[in-house]
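This report describes selected local and sheet-level features of a protein model. The structure is shown first, and the description follows.

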Amino acid sequence: MATSISKDKAIYVGINVKEFTHDVIIPTDRSAIISGPVTIPNITINGTLNAINDLNITTNLAIGTNGQLNLTG
């Protein structure tokens, strides 16, 4: 019988569009990178988000107790 192994996703945001229609959530103990210019309605950061270039959040930015946002550029 074949065995299936589940793998975590290494990239939450890879090649991205310039405007997101859905929210972005970075879970605890995860990191992600996003490259702008980009517009996102809501971002919840419980892990680490590295944002490069322009980041526009139209509604709400929530950074959890252990969340970290790093802006470059």
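## Loop residues with unusual backbone geometry

N53 is placed in the loop between β4 and β5 (55-63). The model is predicted, and in it N53 has a positive phi of about 80° although it is not a glycine. With a relative accessibility of 37%, N53 counts as partly exposed, because the partly exposed class lies between the limits of 20% and 50%.

A positive phi also occurs at D29, another residue other than glycine, where the angle is near 65°. D29 belongs to the loop between β1 and β2. The relative accessible area of D29 is 71%, so this residue is exposed.

The loop between β2 and β3 contains P37. The peptide bond that leads from G36 to P37 is cis, and its omega is near 10°.

## The parallel sheet

An open sheet is formed by three strands in the order β2-β4-β6, with parallel pairing. The edges are taken by β2 and β6 (68-72); each has a single partner strand, and therefore one side of each is left without a neighbour in the sheet. On average, neighbouring strands of this sheet are turned by 15° against each other, direction ignored.

Strands of a sheet pair through backbone hydrogen bonds, in either a parallel or an antiparallel manner. Between β2 and β4, which run parallel, there are five bridges. Within this arrangement, I34 stands opposite A51 in β4.

## Residues of strand β4

How is T48 classed, buried or exposed? T48, which is located in strand β4, has a relative accessible area of 18% and is therefore buried, since the limit for this class is under 20%. Leaving out residues up to four places away in sequence, T48 touches I26, R30, S31, A32, Q68 and N70.

A51 is in contact with I34, N70, L71 and T72 when its neighbours within four places in sequence are set aside. N70 thus appears among the contacts of A51 and also among those of T48.

## The nonpolar core

The largest nonpolar core consists of 11 residues: F20, V24, I26, A32, I34, V38, I40, I43, I45, L49 and A51. Two or more residues are contributed by each of β1 (24-26), β2 (31-35), β3 (38-45) and β4 (48-52). The most is given by β3, with four residues.

The core includes both I34 and A51, the residues that stand opposite each other in the pairing with β4. I26 and A32 are also members of the core, and both are touched by T48.

Notes. Residues numbered from 1 in each chain as written. Predicted model: local features only at pLDDT ≥ 70, side-chain atom pairs only at ≥ 80, totals over all residues. Heavy atoms only, no water. Core = buried A, V, L, I, M, F, W, Y, C linked by side-chain atoms within 4.5 Å. Buried < 20%, exposed > 50% of the residue type's maximum accessible area, 1.4 Å probe, protein only. Contact = heavy atoms within 4.5 Å. Pairing = 2+ DSSP bridges. Axes fitted to C-alpha atoms, helices over the stretch in contact; angles between N-to-C directions.
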